[in-house]
Every structure is written in structure tokens, then in C-alpha cells.
Amino acid sequence: MVAIADSVPKPAARFRFILDRRDVFGSILVAPAILYVLLLVGVPFLMAVYYSLSAYTIYDPSWRFVGLSNFVDIVENPEFRHTLYNTFIFTFGSQFLGLVLGKFGALLLLRPFPGRKIVRALIILPWAVPIALATVAWQWMFDSLYSVINWTLIALGIVSRSDAPNWLGNPHLAMLSVIVVNAWRFFPFAIVIFLAGITAVPQDVLDAATVDGAGFWRRNYQIIMPMILPIVAIGLIFGIVFTFTDLSIVFLMTMGGPVGATSVLAFSGFQTGINSGDVSHGAAISLFMLPVLFVVVVVMLRFIRRREI
Amino acid sequence: MPRATAAKVLQETSFYGSVAFFLVLAAFPFYWMVITSFKSNADLYNVTNIPFWFNDPPTLEHFHYLFEKTLFTTWLLNSLIIGLCVTAITLVTAVPGAYSLARMIGRNGEALGIGIFLTYLVPPTLLFLPLSRVIAGLGLQNSMWSLVVVYPTFTIPFCTWLLMGFFKALPVEIEEAAIVDGCSLWGAFVKMAIPLALPGILTVVIFTFTLTLQEFVYALTFISASDQKPITLGVATDLIRGDIFYWGEIMAGALIASIPVAIAYNLFLDRFISGITGGAVK
């Protein structure tokens, strides 16, 4: 009798039963994360796309559809084309410099020497410390009057005080400065990426190559480089994405100046969309990042897939 | 063998010379922060002084000014509150999410995980325009709580990805044994998987906190009231009066805010690298 009475499931028991199905329980666990990301990344992303196709400003928040006219406006603007050009120079200049420094730094740190741990800890600093704060320190180092860099150049007799460079006031030097600061921020990241890759190359492969007569350069470029390519690619993708869309360095150091010489996409989008309140044009400018991001994401997915095979 | 010795000395010298070059390159701006923050103004703003060392005795005046006459302590507190709230939101969503993606959903879990991780690459500078409308709609404009709402948009994807790796590395047999012994799925997750993944969860806590400290773009976009700013934004933008930069105070503030992040990064660097490379390196 007791057994029959118990076989009718109580509501609570049925609920427990559902929770014990792996797919249902799994979906419930993952739902909050997916919802959060959908609501605050997915929906705003679609909003950004729609803004760029509308006449939306903060003074006239209409959702009137205007097609591609915002894009036509900005592409016809020579300032914008200059900004686009600057963004590429800024991104690839600093990534190239960062990678070269990263490769050399990694080769140095591969060799054991006394104090290597402390050296590594100090070299990581530029990448660890909040970039806005490090940028302010650089701004102070590039100061037009009290620049420590100029002081050193003058003390070494390379320039005189009267024609000391005005780092952030000259268009070319300003671009060079923001590139250097960004490369400085990324090279420690490149070092750790290279180190992680190189130490993962199996020693027996290297030994076999050495026995077969491969010298230092040959081992370096025909064995190590191809083997660490996937991980370096992932690091580079991070670098490109975060540089191409960066705002803080330019905003704090030069405000896009002098006369737009260091204006980049993110900065221009910020100025137009937030400071001037022209949301639709700002969104259109920001969306010019998408093609580059898209290419980067496709490449990244290919590397992730390859890893799984 | 004098020639071999000379070559050896030359090699060693160039090696340590290169190491020194990298050290100076990486650390000089921070040395500059330290020197500037302890220098008196008379020493700072004198172009004939040697800038690399103290010409006048070091002073704490900038730190006194920072703590007593600016909103620095408010910014510190704001950053702490923002960091704690974002960490809580991230843990509550990312830990179960990652566990589910690693264990429950099978092959779709991997694809979903990559999908979530890719949202980490959607840049703030693309989302800040619509998000500022969303924030205004929530009535949070010019409030630090807007950052508590927005920061999980990048901490959740990042931490879910990181934790997925940790859960996958755990032996599934332990949870299976618990279930055979009468544990529910929830029980196996809470009593078995979470305690075993604690090192991973600790990593996530540290990185969520540092990511919130490093963020600048959203804070700049959403907050203009001085007393609502987090520390990074406050130090970088609020210690300027007109055209005058309070360099001593700015560098002192930057120094204080940088130290905890620098320590955290150095302690957890290896886990961070294996996290973002998706375990490409074993």
C-alpha cells in the first residue's frame, strides 16, 4: 500500500526530476550568463547598427531611417579619411614595434640568469598597470617644458634647449609618441606570449634538428616560429583588436591633436557621438571598426578550430 | 685562450646590456611616477635641476594634498565598491555558466563558449553610444552604478572562458561517483566541482577586479560627476585645474592605484596566459 501511494509523484519531486536532466539543468545554469551578454552586448550592438542608419541625435532622438546617408557623409569628409589612415598607422606601427621588442625580450628571458624573476616582474608592468595611469605618466614625460626626455637629450648635447622637440605639439612627433606608448604597453604581452609558445616547443624536436645540423637561425625560423605561430597569432589578434579600437591613449595624450594628426576611429566616434551628441554619425564612424574586427574574428576562429583537431 | 675569453665577456656584456635596456624601457615611467610623487614642487618645476634624483629632500606633501584636499579617497572607495559588485555578478553568472558549457551541454557547449568569448572582443568604443542610451533609460547616468551594470559585459565572457578551461581539466569521475552515490546534479556541482575549481575561481576574482580597475572608456563616457568617478578616471582627469596639471598629485594617485594591479598580475600571470590562449599551450 505504501509503495502505491508513493509512486504518485509530488510536484516538488517532479521538479527535482526535471532538474536531474542534464540538458535542462545545464541550460538553467548557463542562462544568466547568456542573457546578460545578449541584453547588454547583443542588443546594444544592433542599436549601434540602427543608429548609424538613422538621424538620431541627443537633441532630436528620432529613429527616422535615413539609409546609408550617414556613411556617405563621413566618407566624403577628408578629416574622416585622415582618421581612418591614422588608425591603421597607429595600429600596425605599434603592433610591429611591440612584436619586435617582444621577440627580443623573450629571447633574453629564455636564458636563466640571476634575478630573472624580478626582471620579468618589472617588465610585465607596462601591460599590467591601468593604461590610463601609465599614459598620464608618459604625458608628463613628454611635457613641453619639463620633459625628462628632452632634459636628457639636452644634457647629452644632442639638441639645444631652444630647439628641443615638442613631442605632443608636432603632428609627426605626436603620432610617433602615441605609437611608442602603445607599443610600450603591448610589448610585455608579446614577451609572455612568445615565452609561452617557445617553452612549449618539445625539446626532443629541437635536439633532433640540432643533430641533423640545423643552426641557431634555422632552428629559430624553420622550427620554433612555425610551431608557435598559432599562439603568436592569438596574441597578435588581441593586440590588433585592442589597439584598433583604443581610445584612452589618444584621448589622454593628444586629444586627437595637433589638428587631427593623431585622431583615430574610436576617438573620432567619441567626439562626434558623445561630446557633440551626433549619435548617428558617431555610430557610423565606430562601425568602421567592424570590417577589421570581422577579419580578426574569422582568423581567430580558424586557429581555435585547428587547435581542437 | 684570451680570444675565447674576450668573446665570452663581450657576449655577456651585450646580454646584460640588452636586459638593462628592457628594464629601463619597461620600468622607467614607474620610476618617474615614484620620483615625481615624492618631489617638492620647487624641485619639480625647475628645468636646471637634475630630474632623475631629489635635489631637495623628498616630501609627502603631494600625498597629503591627495588624501586631504581631493576626492581621492572617494574614488578609491568607488573603485572598491564597483569591483566588489562586478565580481559578485560575474561569479554568480560565469561559474554556473562555465560549468554548464564544460560539462552539461555537450558539443554545443564548446561552440557556445567560443561565441561568448568572442563577445569579449566587441570593443567598448563600438558599444558606448547605445549603452549610454541604455544607462540613461535606467536612470543611472552620471552614477557609478552604471559601471556596475556595464562592466560584467566584458568580465562575464572573459571569466566564463577562463573557468570553462578549469572545469574541463577536472576529472569528471568525481562528479559521476557523487551522482551514483545519490547526489543530485546540483549537489555534484556545488559540493564537488566548485571546491575543486577554487583556484580557478580565485583567479577569476582577481582578474575581474583588475579588469574593472583598468577600464577607462566606459567610465569616461558615463560619468562626469567628480564624486562618482572610479580611481583610474579620477586620477587621470580630475586633478587638472584649467590648464594646470597637478603632476605630483597625479603621479602619487597613479602610483597608489597601480601597485595592487601590478602585484595581482604578477602572481596570476601564468593562469591568465593559459586562459586567453585557450589552453593552446599545455
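Student: So a residue is buried if 20 or more other C-beta atoms lie within 10 Å of its own, exposed if 12 or fewer, and partly exposed in between. Where does that put A:Thr57: buried, exposed or partly exposed?

Tutor: Keep in mind that we're looking at a predicted model. A:Thr57 has 17 other C-beta atoms within 10 Å, so it counts as partly exposed.

Student: OK, and where is A:Thr57 found in chain A?

Tutor: Look in the loop between H3 and helix H4 (69-76) of chain A.

Student: Which residues does A:Thr57 touch, if we skip the ones up to four places away in sequence?

Tutor: There are A:Gly277, A:Asp278, A:Val279 and A:Ser280. Also, A:Gly273 is 216 residues away from A:Thr57 along the chain, yet their C-alpha atoms are separated by 8.2 Å.

Student: Cool. Switching to the two chains: how many residues of chain A are in contact with chain B?

Tutor: 73 residues of chain A, and they meet 73 residues of chain B.

Student: Which helix gives the largest share of the side of chain A that touches chain B?

Tutor: That's helix H3 (residues 22-52) of chain A, with 17 residues.

Student: And by class, what does that side of chain A have?

Tutor: The side of chain A that touches chain B has 59 nonpolar residues, nine polar and five charged.

Student: Back to H3(A). How do the axes of H3(A) and helix H8 of chain B cross?

Tutor: H8 of chain B covers residues 152-169, and its axis comes within 9 Å of the axis of H3(A), crossing at roughly 140 degrees. The crossing is left-handed.

Student: 140 sounds like a lot. Why are H3(A) and H8(B) called oblique to each other?

Tutor: It takes an angle over 145 degrees to count as roughly antiparallel, and 65 to 115 counts as roughly perpendicular. The angle here is roughly 140 degrees, and H3(A) and H8(B) are therefore oblique.

Student: Which residues in H3(A) and H8(B) meet?

Tutor: From H3(A) you have A:Ala33, A:Tyr36, A:Val37, A:Leu40 and A:Val41, and from H8(B) there are B:Pro152, B:Thr153, B:Ile156, B:Pro157 and B:Thr160. Eight of the residues in this contact are nonpolar, two are polar and none is charged.

Student: Some of those numbers go up in threes and fours. Why would that be in a helix?

Tutor: An α-helix has 3.6 residues a turn, so residues three or four places apart point the same way.

Student: Is there a helix pair inside chain B I could look at too? What about H4 and H5 of chain B, how do their axes cross?

Tutor: Helix H4 (residues 72-104) and helix H5 (residues 107-119) of chain B have axes that come within 7 Å and cross at roughly 140 degrees. H4(B) and H5(B) are therefore oblique to each other as well. In this contact B:Leu101, B:Ala102 and B:Met104 of H4(B) meet B:Gly109, B:Leu112 and B:Gly113 of H5(B). That makes four nonpolar residues, two polar and no charged.

Student: New topic: domains. Which domains does the assignment give for chain B?

Tutor: Domain 1 is 2-59 and domain 2 is 69-276. Seven residues from domain 1 of chain B and six from domain 2 of chain B make the contact. On the domain 1 side, H1(B) gives the most, with four residues.

Student: How far apart do the C-alpha centres of those two chain B domains lie?

Tutor: The C-alpha centres of domain 1 and domain 2 of chain B lie 35 Å apart.

Student: And chain A, what domains does the assignment give there?

Tutor: Chain A has domain 1 (2-52) and domain 2 (72-308). The C-alpha centres of these chain A domains lie 42 Å apart, and the contact takes four residues from domain 1 and six from domain 2 of chain A.

Student: Last thing, phi angles. What's the phi of A:Met255?

Tutor: Phi of A:Met255 is near 55 degrees, which is positive in a residue other than glycine. Most residues other than glycine have a negative phi. A:Met255 sits in the loop between helix H12 (248-253) and helix H13 (265-275) of chain A.

Student: And what about B:Asn142, what's its phi?

Tutor: B:Asn142 has a positive phi of about 65 degrees, and it isn't a glycine either. You'll find B:Asn142 in the loop between helix H6 (124-137) and helix H7 (145-150) of chain B.

Student: Is B:Asn142 buried or exposed?

Tutor: B:Asn142 has 12 other C-beta atoms within 10 Å, so it is exposed.

Note on methods:
Residues are numbered from 1 along each chain as its sequence is written. Chains are lettered from A and ligands numbered from 1 in the order in which they are written. This is a predicted model: local features need pLDDT of at least 70, side-chain atom pairs count only at pLDDT 80 or more; totals for chains, interfaces and linings use all residues. Domain bounds come from an automatic or database domain assignment. Helices (H or I, at least four residues) and strands (E, at least two) are DSSP runs, numbered from the N terminus. Ala, Val, Leu, Ile, Met, Phe, Trp, Tyr, Cys and Pro count as nonpolar, Asp, Glu, Lys and Arg as charged, and the others, Gly among them, as polar. Axes are lines fitted to C-alpha atoms, for helices over the stretch in contact, and angles run from 0 to 180 degrees between N-to-C directions. Angles under 35 degrees count as roughly parallel, over 145 as roughly antiparallel, 65 to 115 as roughly perpendicular and the rest as oblique. A crossing is left-handed if the near helix is turned anticlockwise from the far one by less than a right angle, and right-handed if clockwise.
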